[in-house]
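Reader: I have a chain open on my screen and would like to know the reasons behind the labels people attach to it. Could you walk me through them?

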Amino acid sequence: MANWVTFGRFLLLFVLLGIIYSGVPALQLVNAPLTVFIIALDGVDGWVARKYNEESLFGATFDIAIDRIVETVLWVVLAHLGFIGVWIPLLFIIRGNLVDAIRSKGAASGTAAFDMMQSPIGRFLVAGRFMRGFYAVLKAVAFAWILFWQPFPFLAPEFWANYGWFCVGVGTALAWASAAICIARGLPVIIEFCVNERPGAPTGRG
């Protein structure tokens, strides 16, 4: 059941994309709540997996893959629409590819992605529930905030003329903050991998 919830997030992403590019301002008011719902389901599938004892390496890998697809597609769309700079999706894509390549090695040996982290800072930033939740909320707020204002230049042109600069500024700040956390959570994965791959480095096994 948990994997079906994850797959449902994937399908809803295409619904969201259709609305974003629909060109119908009234319909685009659904952007923000639908975005929040899609990201919130990330917590639901994990809860379902734990409750019904469906936790597995496949489920964890599948969940991370859909997370990566959702966030990468949304960053690319926001850049395509001119809401953020193109460097932001490029950063997420580069970081994502590096981290996923490293995690694929762990998956091949039967180790889940978050279980690969050995250092205290790595476990906190990458595997810790607080940082995972904070990062997810920050991205959700960034996506929802930016997409919420998409139809306002057409629905409320006077308001947008007076306050649009503020709305854009907050969205930019949220996107930059998300990029900063993206780097902070990616570096421990890369550093630990490089350290552990050195000749003679301890394996961490008893």
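Reader: Which residues of helix 5 and helix 8 meet?

Author: In this predicted model, Gly 122, Leu 125 and Val 126 of helix 5 meet Ala 184, Arg 185, Pro 188, Val 189 and Glu 192 of helix 8.

Reader: What makes helix 5 oblique to helix 8?

Author: The two pack at an angle of about 135 degrees, with axes 8 Å apart. Roughly antiparallel needs an angle over 145 degrees, and roughly perpendicular covers 65 to 115. About 135 degrees fits neither range, so helix 5 is oblique to helix 8. The crossing is left-handed.

Reader: How are the residues of that contact split by class?

Author: The contact of helix 5 with helix 8 has five nonpolar, one polar and two charged residues. Gly counts as polar here, and Gly 122 is part of the contact. Arg and Glu count as charged, which covers Arg 185 and Glu 192.

Reader: Why is helix 6 called roughly antiparallel to helix 8?

Author: Helix 6 (residues 129-148) and helix 8 (residues 157-196) cross at roughly 150 degrees, their axes coming within 9 Å. The cut-off is over 145 degrees, so helix 6 is roughly antiparallel to helix 8. This crossing, too, is left-handed.

Reader: Which residues make the contact of helix 6 with helix 8, and of what class are they?

Author: On helix 6 they include Phe 134, Tyr 135, Leu 138 and Trp 145. Helix 8 brings, among them, Val 170, Leu 174, Ile 181 and Arg 185. By class, there are 15 nonpolar, two polar and three charged residues.

Reader: Which residues touch the most other members of the largest nonpolar core?

Author: Trp 75, Leu 78, Ile 84 and Phe 92 do, in a core of 37 residues. Helices 1, 2, 3, 4, 5, 6 and 8 each supply at least two residues, and helix 6 gives the largest share, eight. In soluble globular proteins, nonpolar side chains tend to be buried together.

Reader: What is Leu 78 in contact with, beyond its neighbours within four places in sequence?

Author: Its partners are Phe 83, Ile 84, Phe 143, Ile 146 and Leu 147.

Reader: And how many helices and strands does the whole chain have?

Author: Eight helices and zero strands. Of its 206 residues, 39% count as buried, that is, under 20% relative accessible area. Among contacts between residues at least 6 apart in sequence, 74% join residues at least 24 apart.

Key: Residues are numbered from 1 along each chain as its sequence is written. This is a predicted model: local features need pLDDT of at least 70, side-chain atom pairs count only at pLDDT 80 or more; totals for chains, interfaces and linings use all residues. Side-chain values use heavy atoms; hydrogens and water are left out. Axes are lines fitted to C-alpha atoms, for helices over the stretch in contact, and angles run from 0 to 180 degrees between N-to-C directions. Helices (H or I, at least four residues) and strands (E, at least two) are DSSP runs, numbered from the N terminus. Angles under 35 degrees count as roughly parallel, over 145 as roughly antiparallel, 65 to 115 as roughly perpendicular and the rest as oblique. A crossing is left-handed if the near helix is turned anticlockwise from the far one by less than a right angle, and right-handed if clockwise. Contact means heavy atoms within 4.5 Å. A nonpolar core is a set of buried Ala, Val, Leu, Ile, Met, Phe, Trp, Tyr and Cys residues joined through side-chain atoms within 4.5 Å. Buried means under 20% relative accessible area, exposed over 50%, partly exposed in between (1.4 Å probe, protein chains only).
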